[in-house]
Amino acid sequence: MTPIGCQEALQRLYEYLDGELTPDTTEEVRRHIDLCAGCYPEVRSATEFRDALHRAALGQPLCPDALRRKVAEMLREEGLSA
Ligand SMILES: [Zn+2]
């Protein structure tokens, strides 16, 4: 079996994270991203992105306090410029 390349690994990354690949392909992708430093940043950001999506889907904001501060800030700026 020829190991898959970076392009194929990254193409299948989201399916891999979603568990939508066949066991064989899952294994190939996993083996590649385990060993490939080039794919590592992509894998990391994709994983974080999926985690964020999952949290959002569960109705849990990433960081409620930061969000609330941001909104308060925006409202204050709105008030000053009006
Ligand atoms: Zn790679």
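The largest nonpolar core in this predicted model has six residues: Ala9, Leu10, Tyr16, Val29, Ile33 and Cys39. Two elements, helix H1 (6–11) and helix H3 (23–35), each give two or more residues to this core. As background, nonpolar side chains in soluble globular proteins tend to be buried together.

Tyr16 is a good member of the core to look at next. Leaving aside residues up to four places away in sequence, Tyr16 touches Leu21, Thr26 and Val29.

Now for the wider setting. The protein chain has five helices and zero strands, and from the N terminus on its elements run α-α-α-α-α. Buried residues make up 10% of the 82 residues in the chain. Among contacts with a separation of 6 or more, 56% are between residues 24 or more positions apart.

Helix H3 rewards a closer look. H3 has 13 residues and reaches 18 Å from its first C-alpha to its last, close to the 18 Å expected at 1.5 Å a residue. Its buried residues are Glu28, Val29, His32 and Ile33. Seen down the axis of H3, these buried residues fall within an arc of 120 degrees, so they line one face of the helix. The general geometry helps here: an α-helix has 3.6 residues a turn, so residues three or four places apart point the same way.

What lies over that buried face? The cover includes H1, helix H2 (13–18) and helix H4 (40–57). On the face of H3 turned away from the buried side sit the exposed residues Pro23, Asp24, Glu27, Asp34 and Leu35.

Is Glu27, a residue of H3, buried or exposed? Glu27 is exposed, because 12 other C-beta atoms lie within 10 Å and a residue counts as exposed at 12 or fewer. Gln7, found in helix H1, also has its count: Gln7 is exposed because it has 9 C-beta neighbours inside 10 Å.

Each of these two exposed residues can be paired with a member of the core, and the table gives both separations.

| Pair | Apart in sequence | C-alpha to C-alpha distance |
|---|---|---|
| Glu27 and Tyr16 | eleven residues | 9.3 Å |
| Gln7 and Cys39 | 32 residues | 9.1 Å |

To draw the picture together, Val29 and Ile33 belong to the core and are also among the buried residues of H3, while Glu27 is carried on the face turned away from that buried side.

Definitions and conventions:
Residues numbered from 1 in each chain as written. Predicted model: local features only at pLDDT ≥ 70, side-chain atom pairs only at ≥ 80, totals over all residues. Helix = DSSP H or I, 4+ residues; strand = E, 2+ residues; numbered from the N terminus. Buried ≥ 20, exposed ≤ 12 C-beta atoms within 10 Å, placed from the backbone. Contact = placed C-beta atoms within 7 Å. Core = buried A, V, L, I, M, F, W, Y, C linked by C-beta atoms within 7 Å. Expected span 1.5 Å × (residues − 1). Arc of directions from axis to C-beta.
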